[in-house]
Structure formats: C-alpha cells, structure tokens
Amino acid sequence: MDINQEALLDITVEGEGRSCFLTYFKLILIPFLTYLVVLLGYFKLLAFPVEIHSVVLIGIIFIIALVFAAHNAEYGYCKFQQMLGNFKGSLKQYIIKNLMSIGKETKSNASFEDFMNGFTKDVRNENYASVGAGVFPTLGILGTFISIAISMPDFSSQTADALEQEISLLLAGVGTAFYVSIYGIFLSLWWIFFEKRGMSRFERQVENLRVATGSFFWTKEEIEKGYLKENLKKF
C-alpha cells in the first residue's frame, strides 16, 4: 500500500485557527477581579480594610501572574490548536522524508511522537510551567513577611496609651499582610486547575491525531513481520 497523500490532507483537526484571547482572558479574569476587590478595600469603597503595602505586593504578584498565564497548559493547548493549520503540511513533509518500502508497502519509518515533540516545542516555556504552581504561594508568604516588617512599629513609646496605639497598628498591619499569602495560594490553585485541564485536553488531542495518522507510519511489529516475510520469499 502506497502512502495516500490526499488522505493525509483530509485529516480533520478540531479547533483549527481559533483565537486565544478569550483563553488568556479566562486565565486572568478571577485573579484580576480579586485584586480589584483589594483596591476597592484600600480606597474604602468596600468594608475591607487593606494597607498600601499589601496592595502593592498583591499587585506585584498579579503582574507576575499575567506573565505566567501565557505559559499555562490551558493557553498552550489553545496555541497548539492555532498551529494545527500548519500541522498537516509539516506532517506530510515529515512522512515523505522518512519513507521506507517493505515489499509492496510504503510507509514512514519515523516516530509520530518525535514529530509531535518537535512540532510543539515552542508552544510554551516549560521552565515557567514547571515552577508555576510553587512560585505563587512562595511569593505570597514572602509578601506577608515583607508587609509585617513594614508595618512593625519601633515600640519606643513611653506611655501606655501610645504603646497601645502602636500595638493596634501592628495588629492591623499583620491582618492585612496575610491577604498577600491568601492571594498567592489562590493563584497557585487557579494555576494548577487550568494546568491539569489543559494537559488533559492536549494529551487527548495528540492521541486522536496519532490514531488518525497511524496508517502512515510503520510500527516495530510491522517492520519485523515485513522483513521476515521478504526473507522467507528469498529462501
């Protein structure tokens, strides 16, 4: 059986050419709304007291989240869907480049997995993806300690009233400082959910493509059977 190039071009790929703007917006929407609540609390538009140092530190974590969102598996899956427009052409060239004939059959003596690894290597930065789940709670804890250090009074007052006021300021600062940790932990959970969801969808899509193109590639068993059959003919 010869390679049917027209059949290869007829492979259907779901989601081809889709836009990823909505996916990115979905990833940052809840973190943005949460930060908006913090800002409203700082400006006393909500009954949610927040100190300026907590607002700044949460804002820094939110900006970092904007960068990391582009490397989440959910967004990476969407980018992969966009790349499917070039998938068939690249796969066709890859198959033709590695054609091998055994008897009357011609298929590609190459690995579909190797092709997919090369085709998707630039979908996202794996270094960002590997630390995404851990960086947000770490930043949150760091931000909490920074907030506590900033709000810590020097306790130099000589009177009981002044000392009591300083203690009240410390407790108020510590209370809002923990908002930074809470925000960091929340972003970590948000990241993990979409990371697992995106990886599951990506793996399912790759498996569907592997099955759809399986007839164009030699398997190890087919190669062994083909060579054995040809050798038996010679004897």
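A residue counts as buried under 20% relative accessible area, exposed over 50%, and partly exposed in between, with a 1.4 Å probe and protein chains only. This is a predicted model, in which local features need pLDDT of at least 70, side-chain atom pairs count only at pLDDT 80 or more, and totals for chains, interfaces and linings use all residues. Residues are numbered from 1 along each chain as its sequence is written, and side-chain values use heavy atoms, with hydrogens and water left out.

Select Ile102 to begin. This residue is in strand β1, residues 99-102 (strands are DSSP runs of E, at least two residues; helices are runs of H or I, at least four; both are numbered from the N terminus). Ile102 counts as buried because its relative accessibility is 8%. Add Lys229 to the selection: its C-alpha atom is 9.4 Å from that of Ile102, although their positions lie 127 residues apart along the chain.

Next, select Leu36, in helix α2. Its relative accessibility is 33%, so Leu36 counts as partly exposed. Add Ile30, Phe32 and Leu33: with Leu36 they form a nonpolar surface patch of about 290 Å² of accessible area together. (Patch residues have over 30% relative accessible area and no salt bridge, that is, no side-chain nitrogen of Lys or Arg within 4 Å of a carboxyl oxygen of Asp or Glu; nonpolar side chains, here Val, Leu, Ile, Met, Phe, Trp and Tyr, are joined within 5 Å, and like charges within 9 Å. Areas come from the Shrake-Rupley method with a 1.4 Å probe, and for residues only the protein chains shown count as cover.)
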